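Got your viewer open? Let's take a walk through this one, one selection at a time.

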Amino acid sequence: MMKERLNYAQVSPDALKAMRELEKYVAASGLERSLYELVKTRASQINGCAYCLDMHTKDARKAGETEQRLYALSAWKETPFFTERERAALEWTEALTLISENDVPDSLYDGVHRHFDEKEMVALTMAIVAINGWNRLAIGFRTVPGSYKPQ
């Protein structure tokens, strides 16, 4: 049975506040909520973050995401279920989440930039930074999955 190691929000409310400010920036950036939920879910799949997967699939469903797309997300390259913009965001998410395993070539940047203007590129990248941070907090401190309820 998984047991929480540390409640980081209780121990350091300022750390939580900083992460929430980053979330506020991304939420106000103009990125589509559905796209952001896909990014959060895909990064959480890669990182193996059960708590974040539980949270973001619930949030995605509440925001109207389909079961079919959520189930196929880990194999998005092999499905027709995602738009070209979503595919670009997912490819960028994978490259930045797995940064230690690969290079981020100009061709990838250029391909993503065809679907996102410069301000959106920053917002998308900050969204990826945020979810990777949340994943590391949840995994490192063993935040127990299953209790999250969408607002």
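**Start with the whole thing**

Show the surface before anything else: about 8600 Å² of the protein is accessible, and 55% of that belongs to carbon and sulfur atoms. Keep in mind that you're looking at a predicted model.

Now switch to cartoon view. You'll find eight helices and zero strands. The C-alpha atoms fill a box of roughly 40 × 30 × 30 Å along the principal axes. How does the radius of gyration fit with a compact globule? With 151 residues, such a globule would come out near 15 Å, and the protein has 15 Å, so the two agree. Buried residues make up 42% of the 151.

**Next, select residues 33-47**

This is helix α3. Its 15 residues should span 21 Å at 1.5 Å a residue, and its end C-alpha atoms are indeed 21 Å apart. Colour in the buried residues of α3, including Leu35, Tyr36, Leu38 and Val39. What covers them? Select α2 (13-27), α4 (50-62), α5 (67-72), α6 (84-97) and α8 (118-140), which are among the cover.

Step just past the end of α3 and you meet Gly48, with a positive phi of about 70°.

**Last stop: two cysteines**

Select Cys49 and Cys52 and show their side chains. Why is there no disulfide between them? A disulfide needs sulfur atoms within 2.5 Å, and these two are 3.3 Å apart, so they are too far for a bond. In fact, the structure holds zero disulfides. Are the two cysteines buried or exposed? Cys49 is buried, at 1% relative accessibility, and Cys52 is buried too, at 3%.

Notes
Residues are numbered from 1 along each chain as its sequence is written. This is a predicted model: local features need pLDDT of at least 70, side-chain atom pairs count only at pLDDT 80 or more; totals for chains, interfaces and linings use all residues. Side-chain values use heavy atoms; hydrogens and water are left out. Buried means under 20% relative accessible area, exposed over 50%, partly exposed in between (1.4 Å probe, protein chains only). Helices (H or I, at least four residues) and strands (E, at least two) are DSSP runs, numbered from the N terminus. The expected span of a helix is 1.5 Å times one less than its number of residues. Contact means heavy atoms within 4.5 Å. The radius of gyration is taken over C-alpha atoms; the globule rule is 2.2 Å times the number of residues to the power 0.38. Accessible areas come from the Shrake-Rupley method with a 1.4 Å probe; for residues, only the protein chains shown count as cover.
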